[in-house]
Amino acid sequence: MAKVYNWQIKRDMSYPYEGKYPERQFASVFNINRCIACQTCTMACKSTWSFSKGQELMWWNNVETKPYGGYPHFWDIKLLKLLQTAHDSQEKSMTWNDEDKYDGMTIFEAAEKQKTKNGQSRVLGYLPEDKEWTKPNIGEDAPPQTNLKKDKMGYVSEPVRLPEHKSFFFYLQRLCNHCSYPACLAACPRKAIYKRDEDGVVLIDQERCRGYRKCVEACPYKKAMYNGQTKISEKCIACYPRLEGKDNHITPDGVSVETRCMSSCVGKIRLQGLVKMDKEGLWSEDEENPLYWLVHKEKVALPLYPQFGTEPNIFYIPPRWAPRSYLTQMFGPGVEKAIDRYTAPSRELMAILQLFRAQREVIYKYQIKKGPKIYEKEVTLADGSKKGLMIYNDTIIGYNEEGKECVRTTVEEPMYERPATHFNSI
Ligand code: SF4
Ligand code: SF4
């Protein structure tokens, strides 16, 4: 195996191929705190890409309820258990050190240690059974058992409160992460999977694929899927015709537009972009790009299960009310700080949050024009300390691929009063 640098686990790791990085990388930030699980994104994707015969149980985008929900069923619990068993057999632990470096094994390293006799296993994974794909929304809105105090009548006698609820659930929005080190690509014996140089989108060549399902087995997020009708595998294509901006019907201005799931998001939780990459596979410094700012400057958005080692490119602002230990297992060691930063957002963060789903064109650059202070409050952080929160009615402007303004909005939503002449005029 080759050695590649994975910035999310802060160290070199083994990967079956040498690192090869695109000029720009498809990436996105999802704000879990805002999702209402309306599934508009899910249906936008389904009705665009996976409505044909053989795709009935395929949901390239799904929104599941954590901790009990999962599509396919218990995908993350199953892989965490496999990874734990691999660590136990090596007497290692899946831990992060004080510098936030991952000391455990990734799914590539665990497979290397556990090589089968014929040396075929490149990625630690499992193949879900057919029945595990059948219910995309199992466990919806089911919180784990609560240990809240109850009165004699059985009613909860103390209210849940922020910053952490004893009883909780949250919605996790999932699609292919278009990983920098894709497990699906690493596992394919036909070399039918490739990552595009221009945008880092990971695709399965439908002509080369023979349906061995190695990608389905290897993808830790279970976002490569098998079509029993065509007998080949399929996955999210990041709506690449929209990213390319070449379809006159979808993109009359000839610039990149966001994918279907992003541009249909009712809860305004998603912001998608194409970030600049350098030759070493790191994000080039680009503070004018809102995604760069959220992920690398403010560090308020974190990758999903970074310990798996694929360097996923979808990042999440963690939910404020869920137990930190559960979130740390899911998003890595940056959770506490990310939640604190979101709880008392900086002036810049507050402005950037207004860009989420405010337009359909991909934003390459943003600019903030300062406005007056409109609110001031002291907020309590998770450790009980207090922080001052000040909100300014700043204007934020987004620019598209060609540097043209594509969105302009303010922190405070404008209010229009209905003229008296139209009062009750329905
Ligand atoms: S999420 Fe899975 S299918 Fe998508 S690129 Fe990563 S490994 Fe491949
Ligand atoms: S459309 Fe947005 S708010 Fe609705 S389920 Fe999807 S991510 Fe959540």
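Three exercises with worked solutions follow.

This is a predicted model, where local features need pLDDT of at least 70, side-chain atom pairs count only at pLDDT 80 or more, and totals for chains, interfaces and linings use all residues. Residues are numbered from 1 along each chain as its sequence is written, chains are lettered from A and ligands numbered from 1 in the order in which they are written, and side-chain values use heavy atoms, without hydrogens and water.

**Exercise 1.** State which residues of strand S4 lie on each side, and whether they are buried or exposed.

- Start with the rule: in a regular strand, side chains alternate between the two faces of the sheet.
- Sort the residues: Asn62, Glu64 and Lys66 are on one side, Val63 and Thr65 on the other.
- Check cover: five of the five residues in S4 (62-66) are buried. Buried means under 20% relative accessible area, exposed over 50%, partly exposed in between (1.4 Å probe, protein chains only).

**Exercise 2.** Find the class make-up of the shell around ligand 1.

- List the residues around ligand 1, that is, with a heavy atom within 4 Å. Among them are Cys176, Cys179, Cys184 and Cys219.
- Sort by class: Ala, Val, Leu, Ile, Met, Phe, Trp, Tyr, Cys and Pro are nonpolar, Asp, Glu, Lys and Arg charged, the others, Gly among them, polar.
- Result: eight nonpolar, two polar and two charged.

**Exercise 3.** Count the disulfides.

- Apply the test: two cysteine sulfur atoms within 2.5 Å.
- Result: zero disulfides.
- Note two cysteines: Cys184 is buried at 8% relative accessible area, and Cys265 is buried at 12%.

Notes: Helix = DSSP H or I, 4+ residues; strand = E, 2+ residues; numbered from the N terminus. Near = heavy atom within 4 Å.
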